[in-house]
Amino acid sequence: AGSNNNVAIPYQYDDFVINGTTGAYDISGFANARDGRQVTIASNVGYVGTLLAGSGLSDASNRIIPANGANYTLPILGSVDLTWIAGLQGGRWAVR
């Protein structure tokens with residue numbers, strides 16, 4: 001629950017499952033990016049999550065940029081695919 005910043009996704013994984021949260025949560029960015037890296041973020045909890053668009057709570061290269069520029073809502077038991085693009089605002093995670 002709460003705000004989660006610079007969340008580390010281990011390099012050896014292409015997916016990241018959110019478990020154990022006790023309430024609604026938000027994520028401002030994911031660490032361990034490299035150009036072209038694709039990951040799936042999956043919610044395994046009964047709470048809505050929010051991916052914060054361009055939030056300054058995470059390091060610049062860890063930030064998330066949804067296609068419409070607005071926060072992205074990760075539904076209960078939902079998933080979203082992200083790609084890290086070096087040429088996007090100096091390096092950002094793009095929602096696919």
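A residue is counted here as partly exposed when its relative accessible area lies between the 20% below which residues are buried and the 50% above which they are exposed. In the predicted model described here, Asn-32 has a relative accessible area of 23% and is therefore partly exposed. Asn-32 lies in the loop between strand 5 (30–31) and strand 6, and its phi is positive, at about 70 degrees, although the residue is not a glycine. Most residues other than glycine have a negative phi.

A second asparagine with a positive phi is Asn-6, for which the angle is about 50 degrees. Asn-6 is placed in the loop between strand 1 (2–4) and strand 2 (7–8), and, with a relative accessible area of 26%, Asn-6 is likewise partly exposed. Both of these asparagines are in contact with Asn-62, a residue of the loop that runs between strand 7 (49–51) and strand 8 (64–65). The side chains of Asn-62 and Asn-6 are joined by a polar contact of 2.8 Å. Asn-62 has a relative accessibility of 8% and so counts as buried, the cut-off being 20%. Beyond its neighbours within four places in sequence, the contacts of Asn-62 also include Ser-28, Gly-29, Phe-30, Ala-31 and Trp-93.

The largest nonpolar core comprises 18 residues, and those with the most contacts inside it are Ile-27, Phe-30, Ile-41 and Leu-82. At least two residues of this core are supplied by each of strand 3 (15–18), strand 4 (25–27), strand 6 (38–43), strand 10 (79–85) and strand 11 (92–95), with strand 10 providing the largest share, three residues. In soluble globular proteins, nonpolar side chains tend to be buried together. When neighbours within four places in sequence are left aside, Ile-41 is in contact with Ile-9, Phe-16, Ile-18, Phe-30, Leu-74, Gly-78, Ser-79, Val-80 and Leu-82.

Leu-82, which is found in strand 10, has a relative accessible area of 0% and is thus buried. Apart from residues within four places in sequence, Leu-82 is in contact with Phe-30, Arg-37, Gln-38, Val-39, Ile-41, Leu-51, Trp-93, Ala-94, Val-95 and Arg-96. The C-alpha atom of Leu-82 is 8.5 Å from that of Ile-64, a residue 18 positions away in sequence.

Thr-83 is also placed in strand 10, and its relative accessible area of 10% makes Thr-83 buried, since the value falls under 20%. The side chain of Thr-83 is joined to that of Arg-96 by a polar contact of 2.5 Å. Arg-96 is one of the residues that Thr-83 touches when those up to four places away in sequence are not counted, the others being Gly-36, Arg-37, Gln-38, Arg-92, Trp-93 and Ala-94. Between the C-alpha atoms of Thr-83 and Pro-66, which are 17 residues apart along the chain, the separation is 11 Å.

At the surface, Val-48, Ile-76 and Leu-77 make a nonpolar patch of about 270 Å². Leu-77 is situated in the loop between strand 9 (72–74) and strand 10. With a relative accessible area of 59%, Leu-77 is over the 50% limit and is therefore exposed.

Methods. Residues numbered from 1 in each chain as written. Predicted model: local features only at pLDDT ≥ 70, side-chain atom pairs only at ≥ 80, totals over all residues. Heavy atoms only, no water. Core = buried A, V, L, I, M, F, W, Y, C linked by side-chain atoms within 4.5 Å. Buried < 20%, exposed > 50% of the residue type's maximum accessible area, 1.4 Å probe, protein only. Helix = DSSP H or I, 4+ residues; strand = E, 2+ residues; numbered from the N terminus. Contact = heavy atoms within 4.5 Å. Patch = residues over 30% accessible without salt bridge, like charges linked within 9 Å, V, L, I, M, F, W, Y side chains within 5 Å. Areas by Shrake-Rupley, 256 points an atom, 1.4 Å probe, with all protein chains shown as cover. Salt bridge = Lys/Arg side-chain N within 4 Å of Asp/Glu carboxyl O. Polar contact = N/O pair within 3.5 Å; in protein donor to acceptor, adjacent residues only side chain to side chain.
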